[in-house]
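Work through the exercises below with the sequence and the 3D structure at hand. Each task is followed by a solution that goes step by step.

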Amino acid sequence: MTASSMIQKVTQYMFDHYSKDSGALLVHLGALGWILGSAAQIGVVLGDKSIDKEQKRFLLPQEGADAVVNIGMYYSICELIKKGGDKLVEKGIVLTDDVTKAISKINPFNKENPDYKEWKNLFTKDELKNNLTKLLSDADSLDTFKNLSLDEKAQARELVKAALDKLESHKDNVGVISAIVASVLACNVVTPYVRNIVASKIQKHMTHEEAVQIRKTQIKENLTTINPLPLSFKAFNGYNAFSKVKI
């Protein structure tokens, strides 16, 4: 595969997945930034020859835990809030006047000056259980359009296309705002708090492990025999020389 064809495939993939969802692009690029940053930090610890093995034994679990918390918390919080914003749009809870006006114009039974707050009249109660994007993308199956003439349906399709464009643009804007707010919340509030808790627990665990290793070394160095004992006294070969036990 040539470099140009690879770039073309990447460009096409980016367009297909993010051209109408800039919020998702922000979330995924932010998560990628955390992944690369964490990998670089761990690589520095591994490759730094001035850090001895004992220090690395303490630092690597700390850096690994930070990476998991940073990446996990950032992505989960941003994705949750971003999807929440998308859901509010798709269910018609958060819509601009331009979107509701465009949807209201589709209804062939509306008066000349329809009340744009009654845009839901275009759909049945069962239809409103679905997402607005899905409903407008398959407008021909809407109950309102079943008895329209061919000319009326053709005109309605043009209005549906205009409404769908406005809806997708609005959803994209909400997604960007949601992603930015979620990013600020994750990076500056939630993640530091959780990271401090995790770091504290790891530090306590590593300190305890270090204390245990030091104690084992001390015991190994202090437990000696002053003079070799007969084979019959083999069980006493490991007595503590500092206990002043006489045999």
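**Exercise 1. Find out why Cys78 has no disulfide partner.**

Solution. Start with the closest cysteine sulfur to that of Cys78, which belongs to Cys187 and lies 6.5 Å away, too far for a bond. A disulfide is counted here as a pair of cysteine sulfur atoms within 2.5 Å, and by this rule the structure has 0 disulfides. Seen from the other side, Cys187 is in no disulfide either, its nearest cysteine sulfur being that of Cys78. Then compare the surroundings, using the terms buried (under 20% relative accessible area), exposed (over 50%) and partly exposed (in between), with a 1.4 Å probe and protein chains only. Cys78 counts as buried because its relative accessibility is 0%, whereas Cys187, at 27%, counts as partly exposed.

Before going on, note that this is a predicted model, in which local features need pLDDT of at least 70 and side-chain atom pairs count only at pLDDT 80 or more, while totals for chains, interfaces and linings use all residues. Residues are numbered from 1 along each chain as its sequence is written, and side-chain values use heavy atoms, with hydrogens and water left out.

**Exercise 2. Check whether the length of helix 2 is as expected or not, and list its buried residues.**

Solution. Helices are DSSP runs of H or I with at least four residues, numbered from the N terminus. The expected span is 1.5 Å times one less than the number of residues, so the 26 residues of helix 2 (residues 22-47) should span 38 Å. The end C-alpha atoms of helix 2 are 37 Å apart, which agrees. The buried residues of this helix are Gly23, Ala24, Val27, Ala31, Ser38 and Val45.

**Exercise 3. Describe the salt bridges of Glu79 with Lys83 and of Lys161 with Asp165, and place each pair in its helix.**

Solution. Begin with the rule, by which a salt bridge is a side-chain nitrogen of Lys or Arg within 4 Å of a carboxyl oxygen of Asp or Glu; a search of the whole structure finds 9 of them. Glu79 and Lys83 meet at 3.7 Å, N to O, and, being 4 residues apart in helix 3 (residues 53-90), they are separated by about one helical turn. Glu79 counts as buried at 17% relative accessibility, but Lys83 counts as exposed at 52%.

Next, Lys161 and Asp165 have their closest N and O atoms 3.5 Å apart, and these two are likewise 4 residues apart, in helix 6 (residues 150-222), about one helical turn. Asp165 is partly exposed, with a relative accessible area of 40%. The spacing can be understood from the helix itself, for an α-helix has 3.6 residues a turn, so residues three or four places apart point the same way. Finally, look for a linked group: Asp21, Lys82 and Asp86 are joined in a network of salt bridges.

**Exercise 4. Identify the aromatic pair and say how its rings are arranged.**

Solution. Rings of Phe, Tyr and Trp (its six-membered ring) pair if their centres lie within 6.5 Å, and planes under 30 degrees apart count as stacked, over 60 as edge-to-face and the rest as tilted. The search of the whole structure gives 1 aromatic pair. Trp119 and Phe123 form this pair, which is edge-to-face, with 6.5 Å from centre to centre and 80° between the planes. Both Trp119 and Phe123 are buried.
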